[in-house]
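Okay, thanks for coming, everyone. Let me put the model up and then walk you through it.

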Amino acid sequence: MRANATLRIGIAMAAGTVAAGCATGSESPAAPSSPATSPSAAPAPSEPAREPGDNPPATGWVSGLVTRGGQGPCYGFTADDGTRYALYNADGKELTQGDRVKVQLETTMIRIYCGPGNLMAMTDAEPIK
C-alpha cells in the first residue's frame, strides 16, 4: 500500500517536471539552437499562444470616456477601443463623468473591487480638448 503511494507521488512529480519544462519553452541542452543546423526550423515564439480573452489590459496612455467620476479612489472608464476599466487612484484625482480624458495606466497588485472592468492603477489623467 505504501509502495503505491510512493509510486503515485513519483509519477506526479515526473509529470509536473515535464509540464514545467514544456511551459517554459526552453530547449534541451542537447539540442543545438543555431539556425545553420536546421534551416527549416521556425524561431520559437517569445510567449505561449493565448486565447482571445487572455489578452492583458493595455498599459501606458489610453484615451476614452469617464463612466464613473468623482474624487476617487475608484473610477469607471471605457477606452476608445471599447475596453472597460475599473481604475484605482489613491491620490484623489477629480474626474467628471462623461468627460473625455487620457489616463496613464499601470497594472496593480491591489485586489479591491472598483466596479466592472479590468482593474488598473491610474497614475495620471489629462483632459482631451
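Before I get to rings, the rule: rings of Phe, Tyr and Trp (the six-membered ring for Trp) pair if their centres lie within 6.5 Å, with planes under 30 degrees apart called stacked, over 60 edge-to-face, and the rest tilted. Searching the whole structure with that turns up one aromatic pair. It is Phe77 with Tyr85, tilted, 6.2 Å centre to centre and 40° between the planes.

Now the small print. This is a predicted model, where local features need pLDDT of at least 70, side-chain atom pairs count only at pLDDT 80 or more, and totals for chains, interfaces and linings use all residues. Residues are numbered from 1 along each chain as its sequence is written, and side-chain values use heavy atoms, with hydrogens and water left out.

How confident is the predictor, then, on average over the chain? The average pLDDT (confidence per residue, from 0 to 100) is 75, and 56% of the residues score at least 70. Residues 22-29 are below 50, with three contacts beyond near neighbours in sequence; a contact is heavy atoms within 4.5 Å. Where pLDDT is low, the predicted coordinates should not be read in detail.

Back to that ring pair. Both Phe77 and Tyr85 are buried, meaning under 20% relative accessible area, as against over 50% for exposed and partly exposed in between, with a 1.4 Å probe and protein chains only. Both are also among the best-connected residues of the largest nonpolar core, which has 14 residues. By nonpolar core I mean buried Ala, Val, Leu, Ile, Met, Phe, Trp, Tyr and Cys joined through side-chain atoms within 4.5 Å. β1, β2, β3, β4 and β5 each supply at least two of its residues; strands are DSSP E runs of at least two residues, numbered from the N terminus.

Leu87 is another one to click on. Leaving out neighbours within four places, its contacts include Phe77, Val103, Leu105 and Met122.

On β4, the covered face is Val101, Val103 and Leu105, while Arg100, Lys102, Gln104 and Glu106 make up the uncovered one. β4 pairs antiparallel with β1 over six bridges, and with β5, also antiparallel, over six bridges; pairing takes at least two DSSP bridges. Leu65 sits opposite Arg100, and Gln104 has Asp124 as its bridge partner.

Last stop: Gly115, in the loop between β4 and β5. Is Gly115 buried or exposed? Buried, at 11% relative accessible area, and it touches Arg68 and Ala86, not counting residues up to four places away.

Note on methods:
Helices (H or I, at least four residues) and strands (E, at least two) are DSSP runs, numbered from the N terminus.
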